[in-house]
Amino acid sequence: WSKRIVFDSCRTDLYISHDGNIEYDYGEVILKNSSFWRLYINDSKLISSNITILNGVGLDFFNSDILIQNCIISNCGYGGIYIKNCTGQIYNNLITHNLDYGIYISALVEEVGSLKIINNTIFGNIGYRNGSAINAPGYNENYPPIIMNNIIWSNRSKYGYPQIYGSVIATYNDIEGGFEGEGNIDLYPDFADTSINNYILI
């Protein structure tokens, strides 16, 4: 295999792993302008842009360096984005109306700020456990992800848990109910029309 695989304008169910059903040896995966039902990436470098995942399972990333940007992850039945032992950025995405969580961070590389969540809209996700928007359990407490300049609103837990759970560094976000951190605010975002999934600010 080449050290780079490019998927452009695809509609498929994709599983890429060093030891999975697509044999790919620690190279670079580029996804763009595509629509997936499920996306599973392991032991790779991922660059994704303009990806749509609707009414599917979501995105799973393990042991990878990721850049997820300008994507729509919505109405997935088993969470939006699941991350374990990854570095990189989740940037400028729309993550809405997923069941169980918006983003779940299972564990991080042992470096503060190794994962950054920046400039995303995380809205209307329904949680069955802690952290309906972002769930970063306690074992990340020494290496928290950085959450900056996001809109985190109307995410609900069936059991009353908060939108954000776990150890994070959160700054300059608009978070419903407020959240500790420099520059965080609690002001209703004036979206154009959430009933038709239009989250442009007016």
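## The largest pocket

The largest pocket holds about 240 Å³ of space. Keep in mind as you look around that this is a predicted model. The pocket has 13 lining residues, and those closest to its centre are Asn-92, Asn-93, Asn-119, Thr-121 and Tyr-199.

Which strand gives the most to this lining? That is strand E23, residues 198-201, with four residues. As for chemistry, the lining divides into eight polar residues, five nonpolar and no charged.

## Aromatic pairs

Now for the rings. Searching the whole structure turns up seven aromatic pairs. One of them joins Phe-62 and Tyr-82, with 5.6 Å from centre to centre and 45° between the planes, a tilted arrangement. Phe-62 sits in strand E5 (residues 58-62) and Tyr-82 in strand E8 (residues 81-91), so this contact ties together parts that lie 20 residues apart in sequence. Is Phe-62 buried or exposed? With a relative accessible area of 18%, Phe-62 is buried, because buried means under 20%.

Tyr-82 also has a partner in Tyr-104. Their ring centres are 5.4 Å apart and their planes meet at 10°, so this pair counts as stacked; the cut-off for stacking is planes under 30 degrees apart. Tyr-82 belongs to strand E8 and Tyr-104 to strand E11 (residues 103-108), so the stacked pair ties together parts 22 residues apart in sequence. Tyr-104 is buried too, at 12% relative accessibility.

If you have the viewer open, try showing these rings together: ring pairs link Phe-62, Tyr-82, Tyr-101 and Tyr-104 into a cluster.

## A salt bridge

On to the charged side chains. Side chains of opposite charge can pair when their charged atoms come close. How many salt bridges are there? The count comes to one salt bridge. In it, the side chains of Arg-156 and Glu-176 meet at 3.1 Å, N to O.

Where do the two partners sit in the chain? Arg-156 is part of strand E18 (residues 156-157), while Glu-176 falls in the loop between strand E21 (174-175) and strand E22 (191-193). The salt bridge thus links distant parts of the chain, 20 residues apart. Both partners can be placed on the accessibility scale: Glu-176 is partly exposed, with a relative accessible area of 23%, and Arg-156 is partly exposed at 41%.

How values were computed: Residues are numbered from 1 along each chain as its sequence is written. This is a predicted model: local features need pLDDT of at least 70, side-chain atom pairs count only at pLDDT 80 or more; totals for chains, interfaces and linings use all residues. Side-chain values use heavy atoms; hydrogens and water are left out. Rings of Phe, Tyr and Trp (its six-membered ring) pair if their centres lie within 6.5 Å; planes under 30 degrees apart count as stacked, over 60 as edge-to-face and the rest as tilted. Helices (H or I, at least four residues) and strands (E, at least two) are DSSP runs, numbered from the N terminus. Buried means under 20% relative accessible area, exposed over 50%, partly exposed in between (1.4 Å probe, protein chains only). A salt bridge is a side-chain nitrogen of Lys or Arg within 4 Å of a carboxyl oxygen of Asp or Glu. On a 1 Å grid over the protein atoms alone, a cavity is a set of points where a 1.4 Å probe fits but cannot get out, and a pocket is an open set with protein on both sides within 12 Å along at least five of seven lines; lining residues have an atom within 4 Å of a point. Grid points are joined across faces, edges and corners, and a volume is the space filled by probe spheres set on the points. Ala, Val, Leu, Ile, Met, Phe, Trp, Tyr, Cys and Pro count as nonpolar, Asp, Glu, Lys and Arg as charged, and the others, Gly among them, as polar.
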